Amino acid sequence: MRGFWYGLFAISVMIGCRDPVADARVDSLGPEPGPYEQGPDHRPGQPCTWCHRPGGESPHFDLAGTVFLRSDSKEPARSVVVQLFDSSGRTRTRVTGVSGNFHFEEDELELEFPLWVRLEFEGQVRAMHTPIFRERSCGACHGDPASPSKAGHVFLLEDE
């Protein structure tokens, strides 16, 4: 009988540690859309830190996102240098992968918000017009389609 009570206690602790708001956001993403396998290139354009947060899927990210080549296309921008700057002048850099994704794992960012973003690729430079104040998933603000509450996906080049 003692084992039953320990088991019931363990289950109640696990349920009590869940964040229902965060879980609902993750559920709203739906099933894995493809075409990339689970890993650093999956779910391009979606809000990465909704899942990859403390208490969520591992690895946990400090900040993550996706860069697409053009504003009118979902073609990934591969090998783009993503530079983040804080008000103290410190910088951190990542390069996008095959899907256009990039991420900073937990405790790697080491920058103070607000942050400014600059993208570079083969002489093309694009800077974000406004700083990031607290959101750690680019896809949370830069979702498609663009609307009054969404800036549209992050892209390197203007429409052709």
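What relative accessible area does S99 have, and does that make the residue buried or exposed? S99 is buried, at 1%, where buried means under 20% relative accessible area, exposed means over 50% and partly exposed is in between (1.4 Å probe, protein chains only). The model in these views is predicted, so local features need pLDDT of at least 70 and side-chain atom pairs count only at pLDDT 80 or more, while totals for chains, interfaces and linings use all residues. Residues are numbered from 1 along each chain as its sequence is written, and side-chain values use heavy atoms, with hydrogens and water left out.

**View 1. The whole protein, before we zoom in.** Three helices and eight strands make up the secondary structure here; these are DSSP runs (helices H or I, at least four residues; strands E, at least two), numbered from the N terminus. Follow the sequence and the order is α-α-β-β-β-β-β-β-β-α-β. Along the principal axes, the C-alpha atoms fill a box of roughly 70 × 35 × 30 Å. Of the 160 residues, 34% are buried. Take the contacts (heavy atoms within 4.5 Å) with a separation of 6 or more: 53% of them come from residues 24 or more positions apart. As for the surface, about 9,800 Å² is accessible, and carbon and sulfur atoms account for 57% of that; the areas come from the Shrake-Rupley method with a 1.4 Å probe, and for residues only the protein chains shown count as cover.

**View 2. S99 and its neighbours.** Here's the residue we opened with, sitting in the loop between β4 and β5 (101-105). Leaving aside residues up to four places away in sequence, S99 touches Y36, P40, D41, P44, T66 and P76. G45 is worth picking out too: S99 and G45 are 54 residues apart in sequence, yet their C-alpha atoms are 9.2 Å apart in space.

**View 3. β3 with its two partners, β4 and β6.** Strands β3 (residues 81-86) and β4 (residues 91-95) pair antiparallel through five bridges, pairing being called when DSSP finds at least two bridges between two strands. Four residues separate β3 from β4 in this hairpin, and one to look for is G89, with a positive phi near 90 degrees. β3 also runs antiparallel to β6, with six bridges joining them. V82 is a handy landmark: it stands opposite R94 in β4, and V82 also stands opposite L119 in β6.

**View 4. The β6-β7 hairpin and its turn.** Strand β6 (residues 115-121) pairs with β7 (residues 124-127) over four bridges, again in the antiparallel sense. L119, met in the last view as the residue opposite V82, stands opposite R126 in β7. The hairpin has two residues between its strands. E122 is in this loop between β6 and β7, and although E122 is not a glycine, its phi is positive, about 45 degrees. E122 counts as exposed, at 72% relative accessibility.

**View 5. The loop between β5 and β6.** Two backbone details share this loop. D107 lies here and has a positive phi near 70 degrees, in a residue other than glycine. D107 is exposed, its relative accessible area being 61%. P114 is found in the loop as well, and the peptide bond joining F113 and P114 is cis, with omega about 5 degrees.

**View 6. Another cis proline, beyond α3.** P145 lies in the loop between α3 (138-141) and β8 (155-157). The D144 to P145 peptide bond is cis, and its omega is near -5 degrees.

**View 7. Cysteines without a bridge.** How many disulfides does the structure hold? Zero, using a cut-off that asks for a pair of cysteine sulfur atoms within 2.5 Å. Why is C48 unbonded? The closest cysteine sulfur to that of C48 belongs to C138 and is 7.3 Å from it, too far for a bond. C48 itself counts as buried, at 14% relative accessibility. C141 tells a similar story, because its sulfur is 8.5 Å from the closest cysteine sulfur, also in C138, and that is too far for a bond. C141 is partly exposed, with 40% relative accessible area.
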